[in-house]
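Ready for a few short exercises? Have a look at the chain below, then work through them with us.

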Amino acid sequence: MGETTGKPAHLSSSVPDPWSVPVLPRPRRPFPKVVVKADLLPAVSVLSTAGLLGFPLAWLWARLAPPQRMRVINDHGGLAQLELESWHRFDDLAVYGFLALGAGLLIGIVTWLLRERRGPVVLIAATGGATLAGWLGTTMGVSFANGRYEIGAAPAVGDVIAKAPQIESPWIMLAAPLMTTLAYTLLTAWNGREDLGRRLG
């Protein structure tokens, strides 16, 4: 009488359960430091080199973008668009958009291949260079197109002339930097290493 079965109450917390799984504490790894000073000079090189890509971007667009055919309707230089020629306004914008996306993708991939300089500093520089390339592409591209479709002599009434293509939306210059950031970010997520593979050893 008075005896109880099982473990004593004062030993229940000290005796481990044979069916329990021990949980080992996971060591905390220090977050890798962002290298800034050593990456500044390469970042300037990336920015300037990527910005120079705006010149071939502008030249290609001036060669590929279709002009609008216009008919001279009076002696004062009045012009009237031919049928369906107004669609080329969208074509000009679309051609530049595709070229800018390709340039941004190229900048992002080539910058990622600079393995010893991977990080946010070079990414910011690449995005800035792509923005510069987009601005040069829109401004110089229109200049190249105006020079290509320049009219030498005054046209007569009834003549059909080619009006140089135009970029009517300034927002299209953001296509290159957005693609550069997207490409670099996707490659960073795909890499998955804490130092992004900067150490070659």
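Three exercises with worked solutions follow.

This is a predicted model, in which local features need pLDDT of at least 70, side-chain atom pairs count only at pLDDT 80 or more, and totals for chains, interfaces and linings use all residues. Residues are numbered from 1 along each chain as its sequence is written, and side-chain values use heavy atoms, with hydrogens and water left out.

**Exercise 1.** Find the helix that gives the most to the largest nonpolar core.

Solution. Start with the term: a nonpolar core is a set of buried Ala, Val, Leu, Ile, Met, Phe, Trp, Tyr and Cys residues joined through side-chain atoms within 4.5 Å, where buried means under 20% relative accessible area and exposed over 50%, with partly exposed in between (1.4 Å probe, protein chains only). Next, list the elements that give two or more residues: helix 1 (40-52), helix 2 (54-64), helix 3 (88-112), helix 4 (120-148) and helix 5 (175-191). Helices (H or I, at least four residues) and strands (E, at least two) are DSSP runs, numbered from the N terminus. Helix 4 comes out ahead, with seven residues.

**Exercise 2.** Is I124 buried or exposed?

Solution. First place I124: it lies in helix 4. Then apply the cut-off: its relative accessibility is 61%, so I124 counts as exposed.

**Exercise 3.** Work out which side chains of strand 1 (residues 68-72) are buried.

Solution. Recall that side chains in a regular strand alternate between the two faces of the sheet. Here Q68, M70 and V72 point to one face and are buried, whereas R69 and R71 point to the other and are not. To finish, look across to strand 3, where A162 stands opposite R69.

Notes. Two strands pair if DSSP finds at least two bridges between them.
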